[in-house]
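Q: I am new to this structure and would be grateful for a close look at a single part of it.
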Amino acid sequence: MSFHGTSGTGKNFVSDFVAQALYQKGIESNYVHKYTADIIIFDELVMNQFSLAAGIKKAIKDCPYSLFIFDEIEKLKPGVFDAIVNLLDHHSSLKGYDFSKAIFIFLSNSAGTEIAVKLKSITDSGRFRDETTLVDFERIAELGAYNVVGGLQDSKLIESHVIDHFVPFLPLEQRHVEQCIKKEFNKICHRSTSDKIISDIMKAAVTFDETHVYSNNGCKRLSKKVEAYCYMNT
Ligand SMILES: Nc1ncnc2c1ncn2[C@@H]1O[C@H](COP(=O)(O)OP(=O)(O)OP(=O)(O)O)[C@@H](O)[C@H]1O
Ligand SMILES: [Mg+2]
């Protein structure tokens with residue numbers, strides 16, 4: 001699966017849910033392998049391809065039901081995943097390895113802006129956000145990943161159709177961010193919020209894009225702002 005959306009729209013949040021649903025220790029499980037852009041070294045493409053494939057094979061040998069999460073892949077070099085295409089193909093078989101049970105999740109910002117533009121045009125035309133479906137965005141996510149610089153640009157992973165689902169994460173509106181603030185406030189400050197508090201934190205923590213409808217950073221880094229607010233106001 002490949003998750004696409006602008007910053008703070010919940011890509012990591014949801015991949016953690018997947019880990020929690022599959023393993024007792026969730027994201028802490030030994031069978032969850034999370035690769036962040038800083039672990040996969042930028043310049044050494046061949047070296048990366050080799051070590052990625054070797055790492056995945058070893059993990060699958062230990063447990064065929066492993067979960068691999070690749071975060072911020074828009075920061076990676078195009079081609080970095082080409083060496084693992086055959087490992088993701090359900091039908092491929094390599095003696096001693098069963099890749100068909102493993103789950104691979106790619107997370108990126110690529111296509112995030114295109115998804116936001118499409119959502120805005122849908123809502124401007126009179127359809128509600130809640131009425132949109134996967135079909136409205138799936139192709140945009142796939143094309144965005146393939147055409148924009150990053151780990152999936154011109155990637156054989158996409159050309160070979162081994163990615164089953166391109167999952168769009170819609171940009172968050174003010175009402176969604178308010179819910180995040182409420183949740184964080186209750187958790188961190190141990191009291192309930194008021195409209196004034198929400199609006200103060202909103203002003204300090206959130207900026208909106210050129211449509212003035214979608215948050216630039218989704219619900220990201222809100223907890224730090226809420227923490228600071230509670231500290232200053234108690
Ligand atoms: N759709 C959502 N519903 C509820 N909470 C959300 C949602 N999106 C984001 N959040 C909250 O915001 C936090 C930050 O989101 P997350 O780290 O998953 O964003 P991201 O999409 O991975 O962003 P980035 O592309 O910048 O890495 C989450 O831990 C969660 O608390
Ligand atoms: Mg993230």
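In which helix does aspartate 62 lie, and what can be said about its surroundings?

A: The model is a predicted one, and the account below should be read in that light. Aspartate 62 lies in helix α2. It counts as exposed, because only 10 C-beta neighbours fall inside 10 Å and the limit for an exposed residue is 12 or fewer. The C-alpha atom of aspartate 62 is separated by 8.4 Å from that of tyrosine 31, and the two residues are 31 apart along the chain.

The helix that holds aspartate 62 also has a part in the interior. Helix α2 spans residues 45-62 and supplies at least two residues of the largest nonpolar core. That core has 46 residues, and Phe68, Ile69, Phe106, Leu107, Ile115 and Ile181 touch the most other members. Among the other elements that each supply at least two residues are β3 (67-70), β4 (103-108) and α4 (112-124). Isoleucine 69, one of the core residues just named, is in contact with Ser15, Val32, Lys34, Ile105 and Leu107, leaving aside its neighbours within four places in sequence.

The loop between β4 and α4 contains alanine 111. Alanine 111 is buried, because 30 other C-beta atoms lie within 10 Å and 20 or more suffice for that class. Its phi is near 75°, a positive value in a residue other than glycine. Histidine 212, in the loop between α8 and α9, likewise has a positive phi, of about 65°. Histidine 212, however, counts as exposed, with 7 C-beta neighbours inside 10 Å.

How values were computed. Residues numbered from 1 in each chain as written. Chains lettered and ligands numbered in written order. Predicted model: local features only at pLDDT ≥ 70, side-chain atom pairs only at ≥ 80, totals over all residues. Core = buried A, V, L, I, M, F, W, Y, C linked by C-beta atoms within 7 Å. Helix = DSSP H or I, 4+ residues; strand = E, 2+ residues; numbered from the N terminus. Contact = placed C-beta atoms within 7 Å.
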